[in-house]
Structures are given as structure tokens and as C-alpha cells.
Amino acid sequence: MHTPLYIVKESPVHGRGVFAREPIAAGERIIEYTGEIITSDESSRRAEASGGPINHTFFFSLADGNLIDGGSNGNDARFINHSCDPNCEAYEEDGRVFIHALRDIKKGEELNYNYALIYEARHTPAIKKAFACYCGAPNCTGVMLAPKKRSRKKASAE
């Protein structure tokens, strides 16, 4: 087994983070995001049981509507933090998620990707605070949430 390209340690951004153990080339596959595959309903149940808002977890959404729960049988990928100016990107291939380098990454640099979390309910100040971003990037939006899609016409029933 080869030595991983990364190491997990305390992050200046949030909790634990994942850092490059050696230089990583742009486009290189770094790690697979693993965990238990669960349904959307199960993710809601688990989020409610943990007392946090939905998506404020190690859940990774898949194209088929299921999620990977990195907190259940997951690996070190769950410790990769969010950034508004990421050096990595997550790709889904055949129901599996892989983290790739978006650009060359220096040894010791923290790995990150843009979570762009989908939160359907209103983005109230309390929700924005719950999903606050501390990445420190010059283009930081202040939240880990994807922008709400604006509809062209007002829905008749709200």
C-alpha cells in the first residue's frame, strides 16, 4: 500500500483538516469520499437526531438522490474543509465520489473544495450563521451554502 498524498491534522479553518503530505499535481485524484450510502429521508432523520440542520453533517449528495454519510464508515475525506477559493473539486463517477486537485498544490497546503450546500428553506440570518464560512479567501461569501436560485416569477402558493 502506498503512502497517501495527504495527512489529517488540526486546521486553522475549522476542526481537523486534510493537508498535502507532498506536492500534488493539478488533475490528480487524491482520495475517494467514502461512507454509508443512505436515502434522503434517512439523512433527514440522522440530521434531526444530531440536533443540527440538514446538510450540517458529513453527508455528500449523489446524483441519484442518495447520500454518502462520511460519518458512518467514512474515511479521511470527510475532514476536507470548505473554501470559497478551492484547490480541489469533487467528481461523481458511477455513484462514487472522488476528490481531485483543481491546480498544483504545495506540500503542507490544506486541501479544500467548495461545498456549495443546497439548503431549500429560507436563508435566514440564523441559517447563514449555522453555515458560516471561515475560509479566509479574498472572495469568501461568508457561507458554505450555494446561492438560492431565483425564480423568474413569484410562485402562487408560498
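Tyr91 has Phe98 as its bridge partner in strand E9. This structure is a predicted model. Strand E9 is a useful place to start, as it covers residues 96-101 and is mostly covered: 5 of its 6 residues are buried.

**Strand pairing around E9**
- Strand E8 spans residues 88-93, and 6 bridges join it to E9.
- E8 and E9 run antiparallel.
- The two strands form a hairpin with 2 residues between them.
- In that hairpin, Asp94 takes a positive phi near 50 degrees.
- Strand E3 also pairs with E9, in the antiparallel sense, over 4 bridges.
- Arg29 has His100 as its bridge partner in E9.

**The largest nonpolar core**
- In soluble globular proteins, nonpolar side chains tend to be buried together.
- Here, the largest nonpolar core has 21 residues.
- Which members touch the most other members? They are Ile24, Ile30, Ile80, Ile105 and Leu111.
- Three strands each supply at least two residues of this core: E2 (16-20), E3 (29-33) and E9 (96-101).

**A second core**
- A separate core holds 11 residues.
- Its members include Cys84, Ile127, Phe131 and Leu145.

**A look at Ile105**
- What does Ile105 contact, leaving aside its neighbours within four places in sequence? Its contacts are Ala20, Glu22, Pro23, Ile24, Ile30, Asn87, Cys88 and Leu111.
- Among these contacts, Ile24, Ile30 and Leu111 are also named with Ile105 as core members that touch the most others.

Definitions and conventions
Residues are numbered from 1 along each chain as its sequence is written. This is a predicted model: local features need pLDDT of at least 70, side-chain atom pairs count only at pLDDT 80 or more; totals for chains, interfaces and linings use all residues. Side-chain values use heavy atoms; hydrogens and water are left out. A nonpolar core is a set of buried Ala, Val, Leu, Ile, Met, Phe, Trp, Tyr and Cys residues joined through side-chain atoms within 4.5 Å. Buried means under 20% relative accessible area, exposed over 50%, partly exposed in between (1.4 Å probe, protein chains only). Contact means heavy atoms within 4.5 Å. Two strands pair if DSSP finds at least two bridges between them.
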